[in-house]
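Me: I would like to go through this structure with you and ask, label by label, what justifies each term.

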Amino acid sequence: MICERFDRPDMDDCIFCQIVAGDIPSRTVYEDATTMAFLDANPLAPGHTLVIPKDHHEHVQDIPAGVAGDVFATVHRLVAPVQDAAGAEASTVAFNNGEVAGQEVPHAHCHIIPRFTEDGSAPIHSIFGERPDLGDDELDDIADDIADGVSD
Ligand code: 5GP
Ligand code: ZN
C-alpha cells in the first residue's frame, strides 16, 4: 500500500514523517491512530518528549481540528508520566510554531520538557525581549481583530 503521507514533496525529507514510517528509529513512548510521542534526540532535560500528529502538518493551525484535539489529548495523557519518569515537579509544554519562532523541524510538534527547581531555565516569558507598550485602543483593536478572525 502506498503511504499517503509521502505523496507531497514537503514530506519527503521530513524527519518526523520518517519516524512515523519507521524509517528512522525513535524511542517511542506512545502511539495511537493519529498521534505519536517519542523522546527528543537532543533533550533539554531527561524525559524531554515530543508529541506529533502522524500526518504531516507544518504549523499548529494547519492541523485539522479533530487531529489537533487528538494531539492535545496525547499531550494531556503524557504530561504526568513524563514528569513522573523524570522525577520532575513541573514541565514546560510548548510549540515553536513557525520558523521565525524557532521551529526547526517543519512538522508540528509539542515539546514536553520536565522542569526542576533551580534547573537553570526560566519561564517562556524569558525568551521575549522588550515588551511592547500597548495602549487601550491598540489592545481593543487587536482583541477585535482576533475575535473577528476566529472561524467556527
Ligand atoms: P523545534 O526547534 O523544531 O521546535 O524542535 C525540534 C526538535 O526535534 C529538537 O528539540 C530536536 O532535538 C528534535 N529532533 C531533531 N531531529 C530529531 C530526530 O531525528 N529524532 C528525534 N527523536 N528528535 C529529533
Ligand atoms: Zn512530516
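Reply: Let us start with burial, for which a residue is called buried if 20 or more other C-beta atoms lie within 10 Å of its own, the C-beta atoms being placed from the backbone. Please keep in mind that this is a predicted model.

Me: Why is His56 called buried?

Reply: The cut-off is 20 or more other C-beta atoms within 10 Å, and His56 has 22 C-beta neighbours inside 10 Å, so His56 counts as buried. His56 belongs to the loop between β3 (49–53) and α3 (65–86), and its C-alpha atom is separated by 8.6 Å from that of Pro106, a residue 50 positions away along the chain.

Me: What makes β2 a mostly covered strand?

Reply: Four of the five residues of β2 are buried, and on that count β2 is described as mostly covered.

Me: How do you know that β1 and β2 pair?

Reply: Two strands pair if DSSP finds at least two bridges between them; three bridges join β1 to β2 (residues 35–39), so the criterion of at least two is met, and the two strands run antiparallel. Among the residues placed opposite one another, Glu31 has Met36 in β2 as its bridge partner, while Tyr30 stands opposite Ala37 in β2. The connection from β1 to β2 is a hairpin of three residues.

Me: What makes β2 and β3 a pair, and in which sense do they run?

Reply: Against the requirement of at least two bridges, β2 and β3 have five, and their pairing is antiparallel. One of the partnerships is that of Phe38 with Leu50 in β3.

Me: Which strands make up the sheet, and in what order?

Reply: The sheet is open and has five strands in the order β1-β2-β3-β5-β4, with antiparallel pairing. In general, strands of a sheet pair through backbone hydrogen bonds, either parallel or antiparallel.

Me: Why are β1 and β4 called edge strands?

Reply: β1 (28–31) and β4 (90–94) each pair on one side only, and that is what the name edge strand records. From one strand to the next, the twist averages 15°.

Me: Where does α3 lie relative to these strands?

Reply: α3 lies across β1, β2, β3, β4 and β5 (110–115), and runs at about 20° to β5.

Me: How many residues surround ligand 1, and of which classes are they?

Reply: Ligand 1 is surrounded by 13 residues, the closest being Ala41, Asn42, Asn96, Glu104 and Val105. Sorted by class, the shell around ligand 1 has six nonpolar, five polar and two charged residues.

Note on methods. Residues are numbered from 1 along each chain as its sequence is written. Chains are lettered from A and ligands numbered from 1 in the order in which they are written. This is a predicted model: local features need pLDDT of at least 70, side-chain atom pairs count only at pLDDT 80 or more; totals for chains, interfaces and linings use all residues. A residue is buried if 20 or more other C-beta atoms lie within 10 Å of its own, exposed if 12 or fewer, and partly exposed in between; C-beta atoms are placed from the backbone. A residue is near a molecule or strand if its C-beta atom, placed from the backbone, lies within 6 Å of it. Ala, Val, Leu, Ile, Met, Phe, Trp, Tyr, Cys and Pro count as nonpolar, Asp, Glu, Lys and Arg as charged, and the others, Gly among them, as polar. Axes are lines fitted to C-alpha atoms, for helices over the stretch in contact, and angles run from 0 to 180 degrees between N-to-C directions. Two residues are in contact if their C-beta atoms, placed from the backbone, lie within 7 Å.
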